[in-house]
Amino acid sequence: MSIYEKGMNRREFIVKSLMASGLVAGSSLLLSGCSSGSTGTTAKEGKRLKAAFSNAGLQATWCAQGKDTVERWGKWLGVDITWYDGALSVDKQRAAVEDMATKDWDFVAIQPLGIGTLNEPVKKMLERGIPVIDMDTMIAQPGELPITCFIAPDNVWGAEQVTEALMQAIGGKGNVVMTQGSLGHTGAQGRAQGFHNVIKRYPDVKVIDETPADFDVNKVAQIWENLLNRYDKIDAAYFHNDDMALAAYQVIKNAGREKEIKIGGNDGMQPAVEAIQKGIMVATARNSAPRIHWGALMIGYYAATEKDANKKIPPFILADGPIITYNVDQSNKQPWLNKGYGQSLAPGLIWQEDHFMV
């Protein structure tokens, strides 16, 4: 039976298509407000929804991918998006969100660069009844603010998977570096925890540097130029995002040491997945910018259009993602008995990212 109905507009068709396909886990919750009772076009009948978004900084490809996703889906669903760039600066993001708090919105979604840095302006919006969705990293300590929903990956798990892949690549011994993101970023804190959870199982591994680079590729280049000058032997390095991993790789390659140092990243961005296919990187863990930003958009849409939405929206939604490695398991002739069906995740992941799907 076709889901198309005579007179249905594009927005209604997209909503019904998503519900029929079950695109993501929990889609019935996220989308039920868009189809129950009315068409869900607006919080105020006859008007488009207005939403404000901010993430850590559009210099980061993960953040830029999230913005592209929200703007595309906002256009399809009839939500006008205003973007406030965090610019990878706590102070600049604070100023941007303070400006955001002076305006009226049907909902807002924020990925803070640092926990506790945006509490006051966020509190003002919550007190005015504006739903606030927290993306990827925590705005405040648990219980401090009545955030509508927090949608995020399992950063500890992702870091553990990538770090373990690196340990296997170097035989569980040697000098290892972790180049961190911003220390106030709870996602970076989770990745650091996951890294150490694995490292403590390898007594022959020495962590020689953990300098934070704040997700800034220029800082990464400076840090790694110093590291290569200081240490004659570096066996592996884990980076808190793929941008930093690939920026460091360029410095390592320029020094002629690319065959010596095994590299792992985080986020599963297209250039990193391609680097894994080429054997340049060992692994990355997918932290889906489209899934988190799209999820925030749909949660906000639900909150703005569904009666008593706050009683129905869960406080946390996991946006899980796979580990992407160079190795493919083809140990069993029956593909469904192999990990990942015996196929590389890379082509499918790249295609889905190109289409703002995962």
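This is a short tour of the structure above, one selection at a time.

**The whole chain**

Before you click on anything, keep in mind that you're looking at a predicted model. Show the whole protein as a cartoon and you'll have 12 helices and 12 strands on screen. There are 358 residues, and 54% of them count as buried. How do contacts spread along the sequence? Taking the contacts with a separation of 6 or more, 72% are between residues 24 or more positions apart.

**Stop 1: the cores**

Select Phe53, Phe107 and Trp224 and show their side chains. These are the residues with the most contacts inside the largest nonpolar core, which has 70 residues. Now colour residues 289-305, which is helix 11: this helix gives the most to that core, with 11 residues. There's a second core too, separate from this one and made of 19 residues; pick out Met167, Ala192, Phe195 and Val198, which are among them.

**Stop 2: helix 6 and helix 7**

Next up are some helix pairs. Two packed helices are described by the angle between their axes and the distance between the axes. Select residues 155-169 for helix 6 and residues 186-199 for helix 7; they pack at an angle of about 40 degrees, and their axes are 7 Å apart. Roughly parallel would need an angle under 35 degrees and roughly perpendicular would start at 65, so helix 6 and helix 7 are oblique to each other. Their crossing is right-handed.

Which residues make the contact? On the helix 6 side, show Asn155, Val156, Ala159, Glu160, Thr163, Glu164 and Met167. On the helix 7 side, the residues include Gly187, Gly190, Gly194, Phe195 and Val198. Colour the contact by class and you get 6 nonpolar, 7 polar and 3 charged residues. You've met Met167, Phe195 and Val198 already, as members of the second core.

**Stop 3: helix 4 and helix 5**

Move on to residues 90-100 (helix 4) and residues 119-127 (helix 5). Here the packing angle is about 15 degrees, and the axes are 9 Å apart. That angle makes helix 4 and helix 5 roughly parallel to each other. Their crossing is left-handed.

Show Arg94, Val97, Glu98 and Met100 from helix 4, then Glu120, Pro121, Val122 and Met125 from helix 5, and you have the contact. By class, that's 5 nonpolar, no polar and 3 charged residues.

**Stop 4: helix 8 and helix 9**

Select residues 217-230 for helix 8 and residues 242-254 for helix 9. The axes of helix 8 and helix 9 come within 9 Å and cross at roughly 40 degrees, and the two helices are therefore oblique to each other. Helix 8 passes helix 9 in a right-handed crossing.

Turn on side chains for Val217, Val220, Ala221, Trp224, Glu225 and Leu228 of helix 8. Across from them in the contact, helix 9 brings Asp243, Met244, Ala247, Ala248, Val251 and Ile252. This contact has 10 nonpolar, no polar and 2 charged residues. Trp224 may look familiar: it's one of the residues with the most contacts inside the largest core.

**Stop 5: two unusual backbones**

Time to look at loops. Most residues other than glycine have a negative phi, and most peptide bonds are trans. Click on Ala87, in the loop between strand 2 (79-85) and helix 4. Ala87 isn't a glycine, yet its phi is positive, at about 55 degrees.

Asp214 is another one, with a positive phi of about 60 degrees. Find Asp214 in the loop between strand 7 (205-209) and helix 8. With a relative accessibility of 24%, Asp214 counts as partly exposed.

**Stop 6: two asparagines**

Select Asn287, in the loop between strand 10 (283-285) and helix 11. Is Asn287 buried or exposed? It's buried, with a relative accessible area of 2%. Leaving aside residues up to four places away in sequence, Asn287 touches Trp62, Asp136, Pro153, Arg191, Asn266, Asp267 and Ile292.

Finish at Asn327, in the loop between strand 12 (323-325) and helix 12 (346-354). Asn327 is exposed, at 63% relative accessible area. Draw a line from its C-alpha to that of Ile276: the two are 9.3 Å apart in space, and 51 residues apart in sequence.

Terms used: Residues numbered from 1 in each chain as written. Predicted model: local features only at pLDDT ≥ 70, side-chain atom pairs only at ≥ 80, totals over all residues. Heavy atoms only, no water. Core = buried A, V, L, I, M, F, W, Y, C linked by side-chain atoms within 4.5 Å. Buried < 20%, exposed > 50% of the residue type's maximum accessible area, 1.4 Å probe, protein only. Helix = DSSP H or I, 4+ residues; strand = E, 2+ residues; numbered from the N terminus. Axes fitted to C-alpha atoms, helices over the stretch in contact; angles between N-to-C directions. Parallel < 35°, antiparallel > 145°, perpendicular 65-115°, else oblique. Left-handed = near helix turned anticlockwise from the far one by under 90°. Contact = heavy atoms within 4.5 Å. Nonpolar A, V, L, I, M, F, W, Y, C, P; charged D, E, K, R; others polar.
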